[in-house]
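Here is a walk through a single-chain model, written for someone who likes cut-offs spelled out. Have the viewer open and follow along.

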Amino acid sequence: MAIAKMSHIRLIGLRSDKNKIVDGLIKRGLFEARATDGVAYELARGGVESRELKLKQSNIRFAIDFLKARHKAMETELDAQKRRAKSANKRSVGGGTADSATSDFVLSKEKYSDARILITRADFSDVRAREYELLDVCDRLGKISFDIVERQAAIGTLANTAKAYEPYIRVPCKLSELGRRGGIVLSAYYNRAGVSPSAELDGLSCAYEISVGDGTLVTVICRAETEDEIVKRMTALGYTRCPFGDDCTASQKIAAVNDEIADGKRHITELTKTALGYEKYLKDLRILYDVIELEIERAEAEAEFLKTDSTFILEGWLPEDACETVVGDVKSECPDVLVQMLAPEERDEPPTLVRSNKVVAPYETITDMYSPPKYREIDPNPIMAIFYFIFFGIMIGDAAYGIVLAVAGFVLGCSKKFDKGVKKVALLVAMGGISSVIWGIIFGGYFAIDFGSAKIALWFNPISEPMMMLILSIVLGCVQMTVGYIIKFVKLCMEGKPFSAIFDAGSIILLFGALGCLGGTMLFDGAPSGLKIAAIVLAVTGLALMIIFGGRKSKNVFGKVFGGFKGLYGLVNLLSDVLSYCRLFGLGLASGAIGLAFNTLGSILFGIPAVGYVVGVIILIPLHAFNIGIGVLGAYVHNARLQFLEFYGKFYDGGGRLFTPLGERTRYIRYE
């Protein structure tokens with residue numbers, strides 16, 4: 001369990017063999033390309049232009065998103081039609097069936113989840129061979145999309161038209177009859193604010209009718225010579241004169257426009273049905289997206305190759321233990337290729353490939369959330385996994401909950417339906433469940449049941465003895481922090497900084513050792529008297545190292561003399577780090593207390609005659625499921641925080657770059 005050693009491979013071959021070599025490396029999934037440099041000659045760079053590939057990929061992505069949007073739109077429309085049909089049936093006399101707009105279209109059961117689909121290499125090759133067919137499907141969907149957008153724009157325009165005619169619905173004649181006829185003028189004015197024009201019109205030679213509804217409509221008939229004055233006064237009041245002259249009433253016009261809108265919507269529905277007929281290609285389109293992604297990845301890698309008219313130079317990273325096999329396979333397929341295996345130089349930044357066993361591997365997700373380790377850094381996962389496992393169980397603290405988590409986690413973690421990342425998290429929770437079983441037995445926690453005076457706990461019950469739980473949390477925190485400083489000590493020694501190891505890390509280790517000896521004398525009766533002496537010696541030595549050598553890096557005398565006291569002040573931060581482990585105490589008690597409260601509620605329900613136990617069980621199951629859920633969430637997050645800040649903060653740098661071999665950059669697929 002460590003960070004795998006990487007080898008820098010430089011491969012020189014004929015351009016006629018390039019595709020065969022690159023395809024072989026991609027198939028093995030062990031090669032990460034890097035920019036070619038350090039050669040003695042000025043050679044041209046270049047590979048396949050990826051712009052066209054990205055355009056293809058964007059078309060595929062558009063087609064997938066378009067199908068998803070149309071599926072959702074059709075689903076919404078069918079649900080609305082069912083509700084309308086149900087409402088119509090309720091209103092029909094005698095329970096008969098009312099007219100229903102429910103379509104006979106059967107929506108597919110296609111799921112548009114973000115989970116990656118499991119395929120074989122044969123499926124991948126088959127889709128690659130059908131690329132032109134599938135791209136033609138994308139083009140057809142693009143045309144359908146354009147038609148739908150065009151119809152939607154037309155519907156929007158028609159809706160605005162209908163809205164413009166709505167104020168004039170109450171005009172009692174055809175709109176074409178408005179205007180001047182001989183010396184008489186008939187006009188209609190509308191004001192949304194509803195201001196009455198009576199005072200302005202009463203003094204003029206005209207007749208008018210006011211209709212109040214959604215705004216105020218005024219129909220005015222007057223002589224031609226009075227028209228200008230009426231227009232002036234109505235405009236001043238904020239009225240708008242009807243601009244329309246259709247040979248129909250406003251209501252008839254709106255009805256006609258609504259018919260056009262309905263026709264447009266029907267056309268969109270038909271286009272949607274046509275589009276959804278291509279859902280049978282959805283899986284293949286997703287695979288094709290990643291086929292193109294592989295081509296883009298390959299093109300980007302080849303853009304870093306150096307080349308001549310007949311040869312090319314390829315460079316990249318391979319795990320050291322796979323070099324012999326991969327190079328042998330390449331040479332067997334292309335005997336003319338020249339391969340150089342180079343050790344990483346100091347200026348190189350090789351990618352990080354963490355090799356962990358099946359137990360530790362799930363815990364890599366915790367470290368990767370913080371930052372992957374650098375290539376030359378110590379792998380923290382094996383040690384962190386131990387503490388994460390212990391802390392998770394303490395925070396849940398219930399054996400029955402642990403069994404539920406272990407079973408559910410292992411079922412999900414071993415399922416082929418889920419991605420590697422999801423399976424790792426599931427296995428992490430499963431192992432946390434095992435830890436919960438162990439600590440649940442120690443604490444006597446079984447679905448937070450109160451067993452009264454019966455001695456169920458193997459050690460102590462946190463609810464009954466909270467101070468013992470607090471002490472346990474602090475002790476475990478001190479142990480983990482001590483381990484962190486020991487790793488820092490070793491790391492500084494490996495870096496050739498023994499004095500920094502002794503004075504910076506060693507002094508803190510001595511203080512924690514003193515604290516441990518002092519704690520031993522307090523917790524155990526009859527402890528050897530030498531423990532007190534050892535505690536005093538360790539504490540004095542640690543403080544002396546801190547005070548005397550704490551300012552050694554300062555350039556002035558004042559800093560060298562008083563720099564050590566700054567280290568003493570830093571002990572306050574160290575104390576706050578130790579107190580952070582009280583969250584083990586808090587979460588452990590919270591889980592048990594909440595479960596106990598739920599059980600108290602259940603016991604009240606159990607007292608109800610006849611149906612008490614049935615109702616109690618029905619209510620307790622979701623309540624305990626809720627407690628398990630929030631317990632897992634709290635344990636996952638707060639446990640990670642302890643690792644990131646209180647543990648990794650002592651020795652871990654991070655900032656590494658994970659090893660990403662060619663062919664691994666997929667969005668929709670994963671291989672069996």
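## Ground rules

Buried means under 20% relative accessible area, exposed means over 50%, and partly exposed is anything in between (1.4 Å probe, protein chains only). This is a predicted model, where local features need pLDDT of at least 70 and side-chain atom pairs count only at pLDDT 80 or more, while totals for chains, interfaces and linings use all residues. Numbering runs from 1 along each chain as its sequence is written, and side-chain values use heavy atoms, with hydrogens and water left out.

## Overall build

The chain has 19 helices and 15 strands, counted as DSSP runs numbered from the N terminus (helices are H or I with at least four residues, strands E with at least two). Its radius of gyration is 39 Å, well over the 26 Å from the globule rule for 672 residues, so the chain is more spread out than a compact globule. That radius is taken over C-alpha atoms, and the rule is 2.2 Å times the number of residues to the power 0.38.

Along the principal axes, the C-alpha trace spans about 120 × 85 × 70 Å. Of the 672 residues, 42% count as buried. Take contacts (heavy atoms within 4.5 Å) between residues at least 6 apart in sequence: 80% of them join residues at least 24 apart.

## How far to trust it

Mean pLDDT, the predictor's confidence in each residue from 0 to 100, is 89 for the chain, and 95% of residues reach 70 or more. Among the elements, helix 11 (residues 381–396) has the highest mean, 97, and strand 4 (residues 44–45) the lowest, 54.

Residues 94–102 stay under 50, and the model gives this stretch 12 contacts beyond four places in sequence. Where pLDDT is low, the predicted coordinates should not be read in detail.

## Aromatic pairs

Searching the whole structure turns up 29 aromatic pairs. Rings of Phe, Tyr and Trp (its six-membered ring) pair if their centres lie within 6.5 Å; planes under 30 degrees apart are stacked, over 60 edge-to-face, and the rest tilted. One stacked pair is Tyr165 with Phe244, at 3.8 Å centre to centre and 15 degrees between planes. Tyr165 sits in helix 4 (131–165) and Phe244 in the loop between strand 10 (240–241) and helix 7 (250–276), so the pair ties together parts 79 residues apart in sequence. Tyr165 is buried at 5%, whereas Phe244 is partly exposed at 22%.

Tyr370 and Phe644 are stacked too, with centres 5.1 Å apart and planes at 25 degrees. This pair links helix 10 (364–370) to helix 19 (612–651), 274 residues apart. Tyr370 is partly exposed at 34%, while Phe644 is buried at 16%. Both belong to one aromatic cluster, whose members also include Phe387, Phe391 and Tyr581.

## Helix 13 and the loop after it

How does the span of helix 13 (residues 420–443) compare with expectation? Its 24 residues should cover 34 Å, and its end C-alpha atoms are 34 Å apart, which agrees. The expected span is 1.5 Å times one less than the number of residues.

Next comes Gly444, with a positive phi near 75 degrees. Most residues other than glycine have a negative phi. Phe447, however, has a positive phi of about 55 degrees, and Ala448 has a positive phi near 55 degrees. Phe447 lies in the loop between helix 13 and helix 14 (466–494), and Ala448 is in the loop between those helices. Phe447 is partly exposed at 35%; Ala448 is buried at 13%.
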